[in-house]
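Dear colleague,

I am passing on the structure below, and my notes on what was found in it come after. Please read them side by side with the coordinates.

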Amino acid sequence: MDKLVHAGLYSVLGATLGWGRRRDVSPPPHWVLLGVGALYGATDEWHQGFVRGRVPDWGDWFADVAGVTLGYWGIVWVLGWLARRKEETRTKVVDVSQ
């Protein structure tokens, strides 16, 4: 259950990174943003070593990276699909003569 929580929370981070990339005029490459999410998860795990009762865990970090990746590519796909659908609707010719 712990790993699902990690993945779920980090999927929000991934989706936010993907959404931000879509809105940027000159977006960075995908791998940079995924790397930022993975690095954030790594620093989060490292900081747990300084908290009483918490320990860094590689498994949690892998769940973090999986969550960032799923959230990122999920929102990139959804936003791309919506943009294509909007473009199709905008360019569709409607015959009102019938």
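The notes below cover the salt bridges, then a buried acid, the nonpolar core and the surface.

This is a predicted model, in which local features need pLDDT of at least 70 and side-chain atom pairs count only at pLDDT 80 or more, while totals for chains, interfaces and linings use all residues. Residues are numbered from 1 along each chain as its sequence is written, and side-chain values use heavy atoms, with hydrogens and water left out.

The structure holds three salt bridges, a salt bridge being a side-chain nitrogen of Lys or Arg within 4 Å of a carboxyl oxygen of Asp or Glu. D2 pairs with K3, their closest N and O atoms being 3.5 Å apart. D57 also meets K3 in a salt bridge, at 2.9 Å from N to O, and this pair links distant parts of the chain, since D57 sits in the loop between α2 and α3 and K3 in helix α1, 54 residues apart. Helices here are DSSP runs (H or I, at least four residues), numbered from the N terminus. D60 forms a salt bridge with K3 as well, with the closest N and O atoms 2.7 Å apart; D60 lies in helix α3 and K3 in helix α1, so the pair ties together parts that are 57 residues apart in sequence. Through shared partners, the salt bridges join D2, K3, D57 and D60 into one network.

The members of this network can also be described by accessibility, where buried means under 20% relative accessible area, exposed over 50%, and partly exposed in between (1.4 Å probe, protein chains only). D60 counts as buried because its relative accessibility is 5%. D2 at 42% counts as partly exposed, as does K3 at 35% and D57 at 30%.

D64, which lies in helix α3, is buried yet has no salt bridge, and the nearest side chain of opposite charge, K3, is 8.6 Å away; for this purpose Lys and Arg count as positive and Asp and Glu as negative, with His and the chain ends not counted. Leaving out residues up to four places away in sequence, D64 touches H6, Y10, G41 and E45, contact meaning heavy atoms within 4.5 Å.

The largest nonpolar core is made up of six residues, Y10, L17, L33, L34, V68 and Y72, and α1, α2 (30–48) and α3 (58–91) each supply at least two of them. A nonpolar core is a set of buried Ala, Val, Leu, Ile, Met, Phe, Trp, Tyr and Cys residues joined through side-chain atoms within 4.5 Å. Apart from its neighbours within four places in sequence, L34 is in contact with V68, T69, Y72 and W73.

On the surface, M1, L4, V5 and L9 form a nonpolar patch with about 490 Å² of accessible area together. L4, found in helix α1 (residues 2–23), counts as exposed because its relative accessibility is 63%. In helix α3 is F62, which counts as exposed at 52% relative accessibility. F62 and Y72 are 10 residues apart in sequence and 15 Å apart in space, C-alpha to C-alpha.

With best regards

Methods: Patch = residues over 30% accessible without salt bridge, like charges linked within 9 Å, V, L, I, M, F, W, Y side chains within 5 Å. Areas by Shrake-Rupley, 256 points an atom, 1.4 Å probe, with all protein chains shown as cover. Helix = DSSP H or I, 4+ residues; strand = E, 2+ residues; numbered from the N terminus.
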